[in-house]
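Let's take a walk through a protein model together. We'll look for empty space on the inside, and then check up on some cysteines.

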Amino acid sequence: MSKKTKSTSAISYQPNPNLPKLDIYQTSWNLSGLYYKNGQDPEIEKDTEHAVNTYHRFAKSWKTKAFTSDANVLAKALADYERLAGDPRLSKPGRYFSLRAELDAHDDEAEKALSLLRKRLRKATDSILFFTLELGKIPTKTQKAWLKEPVLKPYRYYLTQLFKGAKHDLTEAEEKIVRLKSAQSSLLWQQMTDKLVSTSTITYAGKTLHLPEAFEMIETLKSAEKPKLWRLLIEKIDTFGIPAEHEFNAIITDVRTEDELRGYEKPYSATALAYEHDEKSIETLVATMSDKGFALSRKFYQLKAAYHGVTTIDYSQKYDTIGQEPEIDFAEALTICRDVFYDVNPLYGQIFDQMIKNGQLDVFPKKGKRGGAFMSDQTGHPVQVMLNHTSTLKALETLAHEMGHAIHATRSATNSPLYDGHSIVAAETASTLFENLVFNAIIASAAEETKIVLLHDKITRDIATMQRQIAFFNCEFEIHSTIAEKGSMTHDELKKCMYKHLTSYLGKAVMVRPEDGASYVYIPHLRYGFYVYSYTFGHLMSSVMAKRYKEDNNYRQEIDTFLTAGSSDTVINIFKRIDIDTTKPETFTLALKEHEKDIQTFAKLVNKRKRTKM
């Protein structure tokens with residue numbers, strides 16, 4: 001590769017010449033090398049049989065024993081449970097077929113295999129339900145005693161969280177019923193919509209495009225062409241309205257019914273508990289962003305419209321750049337990300353290199369492949385990253401974002417199996433941290449006239465990560481509340497709801513049409529139980545971390561403290577370890593200051609432009 005990126009002279013990025021060379025790498029998942037040779041590999045049956053036997057063996061060992069009345073016996077039972085949790089063979093067949101299904105929505109073999117696996121493993125996994133339910137029944141007085149026992153110290157946080165959630169447990173029979181119906185009440189509905197979107201096509205400029213490909217393409221078009229493609233997309237998405245209407249009503253009615261059975265007070269109560277977070281912290285974040293955050297995004301779009309000399313811009317043009325963004329192909333994006341990862345910590349760069357050499361990244365769009373990007377990790381398995389890479393700055397930042405997730409997952413895996421995961425909230429902090437650091441590296445190498453373009457584009461992406469996600473949170477909350485109160489919502493009502501919340505953060509300077517509300521159909525995160533707030537939370541916290549790292553590179557030690565914490569403590573306490581208090585409203589307001597400064601800088605540019613034209 002040349003010493004200079006092929007972008008343009010506006011970006012003079014100089015790669016670090018001292019890094020290890022990465023001459024050969026893969027851009028597709030190597031599932032046959034990392035998992036099984038194919039869907040008929042006999043190892044699949046061996047691993048499935050091993051999983052069934054392992055679950056039953058654990059149940060046979062502990063179901064009839066009084067393992068909660070003695071601390072030493074409980075320690076042995078928990079150690080056995082942890083070994084079970086750390087056995088990768090239990091999840092390997094399901095993971096293999098799930099990843100195949102992500103690569104190709106037409107992979108019927110994978111879908112059928114997954115369905116049969118779930119059916120076969122359900123009874124086996126149900127057989128160990130008794131264990132955590134029995135732990136939850138330990139009397140409060142005994143719980144307090146066990147949490148002080150030295151022999152139970154390795155399991156203290158695990159037990160603390162389990163005891164906290166136990167009040168929401170159902171009986172073993174009821175828990176089995178909930179698990180039995182989970183696929184048809186939620187998962188299959190979601191897969192239906194995903195498949196409709198992934199397999200459907202539109203015709204644009206004489207070409208037949210699958211919808212995920214078209215959604216990626218729209219950001220690469222000239223501004224004047226975007227509304228036409230967007231209208232075609234939204235018209236197609238609108239045709240899925242009836243199935244999406246029934247999907248939402250089915251999923252949310254099911255969730256609200258289960259919440260009522262479990263005694264959760266608010267629609268996001270279960271999410272707060274599952275994310276090891278705090279309801280009050282979530283509410284403070286949402287209130288701050290819906291007030292000050294939305295005011296900033298509306299102000300920005302007024303400035304953006306004024307910059308172009310118009311009163312409104314089309315919804316499809318809201319991310320339009322104000323200049324020439326550099327084109328950065330995947331090889332260049334890879335170089336830039338590696339530099340940043342190695343600079344923060346050489347270990348992160350080594351993890352990055354190993355993943356792409358092993359075929360753990362699937363980089364480019366393909367027919368039938370799921371749209372968007374994600375990272376997937378599971379105990380004992382290779383971390384997988386899916387991208388739909390195009391030669392844009394946004395795609396570079398997406399690579400940094402997903403590899404930030406991957407580094408976090410890998411560092412978290414240094415913990416024991418009960419603590420080797422991570423809260424979604426912490427995960428979105430890690431990903432946006434590396435996204436921020438990559439942007440800082442790019443803007444530092446840009447010519448002065450290009451920096452303002454990059455700053456403008458960063459603001460639009462920040463708004464998409466923060467204000468847009470809180471608008472989605474508010475939309476999801478209204479959908480939950482309305483369906484709970486009125487019994488259901490029609491497709492038209494769901495569209496109106498989305499339309500209202502899109503306008504809430506974009507303001508009058510962006511022309512959002514009522515039909516744009518149909519976009520709720522293809523936004524998967526609206527089905528994930530208020531997952532969306534984690535993007536905003538993570539971005540705000542990561543901006544604080546990036547600022548501290550920029551001011552003092554020794555902050556890399558705190559960064560690694562954060563990344564290696566895994567799920568060994570609550571989100572609030574993990575942040576306190578690195579001197580960030582997420583219980584205070586001022587923390588969110590302070591984090592929002594950096595975003596506000598960027599917008600103020602852009603405002604000065606707009607005013608300067610006006611004076612120049614006078």
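What follows is a short tour of a cavity and a pair of cysteines.

Keep in mind that this is a predicted model. Let's begin with the hollow parts. Rolling a probe the size of a water molecule over the atoms shows where empty space is left. Here, the structure has one cavity of 30 Å³ or more, and the space in the largest cavity comes to about 50 Å³.

So who lives around that space? The lining of the largest cavity is made up of Glu397, Glu435, Asn436, Phe439, Lys458, Arg461, Asp462 and His539. Two elements each give two or more residues to this lining: helix H18, spanning 424-444, and helix H19, spanning 448-465. If you sort the lining by class, you get five charged residues, two polar ones and one nonpolar one.

Now for the cysteines. How many disulfides does the structure hold? The count is zero. To see why, take Cys475: its sulfur sits 3.7 Å from the closest cysteine sulfur, the one in Cys497, and that's too far for a bond. The cut-off to remember is that a disulfide needs two cysteine sulfur atoms within 2.5 Å. Looking from the other side, Cys497 is in no disulfide either, with the sulfur of Cys475 as its nearest cysteine sulfur.

Are these two cysteines buried or exposed? Cys475 is buried, with a relative accessible area of 0%. Cys497 has 3% relative accessibility and also counts as buried, because the label applies to anything under 20%.

Terms used: Residues are numbered from 1 along each chain as its sequence is written. This is a predicted model: local features need pLDDT of at least 70, side-chain atom pairs count only at pLDDT 80 or more; totals for chains, interfaces and linings use all residues. Side-chain values use heavy atoms; hydrogens and water are left out. On a 1 Å grid over the protein atoms alone, a cavity is a set of points where a 1.4 Å probe fits but cannot get out, and a pocket is an open set with protein on both sides within 12 Å along at least five of seven lines; lining residues have an atom within 4 Å of a point. Grid points are joined across faces, edges and corners, and a volume is the space filled by probe spheres set on the points. Helices (H or I, at least four residues) and strands (E, at least two) are DSSP runs, numbered from the N terminus. Ala, Val, Leu, Ile, Met, Phe, Trp, Tyr, Cys and Pro count as nonpolar, Asp, Glu, Lys and Arg as charged, and the others, Gly among them, as polar. Buried means under 20% relative accessible area, exposed over 50%, partly exposed in between (1.4 Å probe, protein chains only).
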